[in-house]
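Got the viewer open? Here is a walk through the model, stop by stop, with something to select at each one.

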Amino acid sequence: MALLHFVNVSRSTFPLSRSSKIILSSSFSSLPLQFHRNFKRLESSVPPSASAAASPAFPIDVEYLRQEFSGHGATFEDIGETCIAKLKLENGSSANVMLTRGMITSYKVRVWHGGKVELLHTWVEQEDEEEDVVIRGGVSSAFNSSDSDDINEWRLHGISGDSKDCVQMELRRSDKKIKEIEMKQIISLREETLSIELFVTNKGSSPIRLEGCSLVSYLTVSTPEATYAVGLEGSYFVETTPFLPRFRVVQGEDEEEKTTGFGGEEESNYKQLNEEMSRIYTFAPKSFTVIDRGRRNSVIVGREGFEEVYMYSPGSRLESYTKSAYVCIGPSSLLNPISLEPACVWRGVLHLHNPNS
């Protein structure tokens, strides 16, 4: 099942039911080809009445975080049952991280005209008043468990650096079912780059395979028609329907049947994202550029440790030049699992580089 997290909402500034729950979702299982009527874009922070993270297993002591970690280019905002860490540099670049879930809900950068723009797309939606509220988008690692109650939350381990050059946040978690697995996430904000690193350590005595791991970013754009992926010419791709990248840890030699869709080779080095598409690219360059001609902005998407790139565009289904226009891009291991021997560490990285400052 998808990794979903819940929190009760007592009141809301959004047009939501008073008894609603909020779910934090990093899945593709219900990518919004058409937005529901109760839709609202998240801005640089989440209103306290719409806390996106689940109720943490242990309460977050915001005052302690402020005393312990303030002065490293980070501040903390209490949003009810969870907390947002706000990372900011002197040049104006900033990122918001939702603690316990490790989800980046905002990444703002300074651009060529001197102002700042939001690069990430994050939204809240609810189809009906009786339905749960769902927060989607941003940047997050995709995991899956057969039982959401067995999922450990990301815990803040430390913050280093300063507001001049780099602020770095370290989060950790463990797997309740497979005790030999340890996970670490390091989020680094530099003047022109946001990097998210995943570390998985096999502390056991048997090899494991990491299946369905991904680091996916929802990039806000003016319109898909004005958005191009540059540098993918010659890359092999597999067409697939939008789906949830599932993360599993497999011990031993257990194998699963894999299914793939239509494949081909990318013929264009200047791929326009005007048509609806859902693809996994293999043999792709370690970095390529996403250009938005409407906003006159570009983002270089880089990766380490991952051999694939997932890309989704809703095409012309969404209204152009609104807050609902986006494309979804990120490194993944959806087709080929990652093998990890005992006492070994796997590292996967997503870089979002803004060359327009």
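The tour starts with the whole chain and then moves to single residues and pairs.

**The overview**

Keep in mind that this is a predicted model. Colour by secondary structure: the protein has 29 strands and one helix. Of its 357 residues, 55% count as buried. If you draw contacts with a separation of 6 or more, 69% of them come from residues 24 or more positions apart. Switch on the surface and you are looking at about 15,300 Å² of accessible area, 46% of which belongs to carbon and sulfur atoms.

**Stop 1: the helix**

Select residues 62-69, which make up helix H1. Show the side chains of Glu63 and Arg66, which sit three residues apart in H1, about one turn of the helix. What joins Glu63 and Arg66? A salt bridge does, with the closest N and O atoms 2.7 Å apart. Both ends count as partly exposed: Glu63 has 45% relative accessibility, and Arg66 has a relative accessible area of 31%.

**Stop 2: a pair across the sequence**

The structure holds eleven salt bridges, and the next one to pick is between Arg347 and Glu197, at 3.0 Å from N to O. This pair links distant parts of the chain: Arg347 is in strand S29 (residues 345-353) and Glu197 is in strand S15, 150 residues apart. Is Glu197 buried or exposed? Glu197 counts as buried, because its relative accessibility is 13% and the cut-off for buried is under 20%. Arg347, at 32%, counts as partly exposed.

**Stop 3: a loop-to-loop link**

Now go to Glu307 and Lys286, another salt bridge, whose closest N and O atoms are 3.9 Å apart. Glu307 lies in the loop between strand S25 (297-304) and strand S26 (308-313), and Lys286 in the loop between strand S23 (277-282) and strand S24 (287-292), so the pair ties together parts that are 21 residues apart in sequence. Glu307 is exposed, with a relative accessible area of 53%, while Lys286 is partly exposed at 43%. Before leaving the salt bridges, add Glu304 to your selection of Glu197 and Arg347: bridges with shared partners join these three into one network.

**Stop 4: two loop residues with positive phi**

Stay in the loop between S23 and S24 and select Phe283, which is found there. Phe283 is not a glycine, yet its phi is positive, at about 55 degrees. With a relative accessible area of 72%, Phe283 is exposed.

Then jump to Ala343, in the loop between strand S28 (338-340) and S29. Here too phi is positive in a residue other than glycine, with a value near 65 degrees. Ala343 counts as exposed, at 70% relative accessibility.

**Stop 5: a negative patch**

Bring back the surface and select Glu90, Asp162, Asp165, Glu191 and Glu192, which form a negative surface patch. Zoom in on Glu192, placed in the loop between strand S14 (181-190) and strand S15 (193-202). Glu192 counts as partly exposed, with 30% relative accessibility.

**Stop 6: Ile104 in the interior**

Hide the surface and centre on Ile104 in strand S7 (residues 103-110). Its relative accessible area is 0%, so Ile104 is buried. Which residues are in contact with Ile104, leaving aside neighbours within four places in sequence? They are Asn96, Val97, Leu120, Gly138, Val139, Ile187, Leu194 and Ile196. Try a distance to Leu120: the C-alpha atoms of Ile104 and Leu120 are separated by 8.7 Å, with their positions 16 residues apart along the chain.

**Stop 7: Thr227 and its neighbours**

Finish at Thr227, found in strand S18 (residues 227-230). Thr227 is buried too, its relative accessible area being 0%. Not counting residues up to four places away in sequence, Thr227 touches Val221, Lys271, Gln272, Leu273, Val290, Ile291, Asp292 and Val327. Draw one last distance from Thr227 to Val327: they are 100 residues apart along the chain, and their C-alpha atoms are separated by 8.6 Å.

How values were computed:
Residues are numbered from 1 along each chain as its sequence is written. This is a predicted model: local features need pLDDT of at least 70, side-chain atom pairs count only at pLDDT 80 or more; totals for chains, interfaces and linings use all residues. Side-chain values use heavy atoms; hydrogens and water are left out. Helices (H or I, at least four residues) and strands (E, at least two) are DSSP runs, numbered from the N terminus. Buried means under 20% relative accessible area, exposed over 50%, partly exposed in between (1.4 Å probe, protein chains only). Contact means heavy atoms within 4.5 Å. Accessible areas come from the Shrake-Rupley method with a 1.4 Å probe; for residues, only the protein chains shown count as cover. Patches are made of residues with over 30% relative accessible area and no salt bridge: like charges are joined within 9 Å, nonpolar side chains (Val, Leu, Ile, Met, Phe, Trp, Tyr) within 5 Å. A salt bridge is a side-chain nitrogen of Lys or Arg within 4 Å of a carboxyl oxygen of Asp or Glu. Lys and Arg count as positive and Asp and Glu as negative; His and the chain ends are not counted. The place of a charge is taken as NZ of Lys, CZ of Arg, CG of Asp or CD of Glu.
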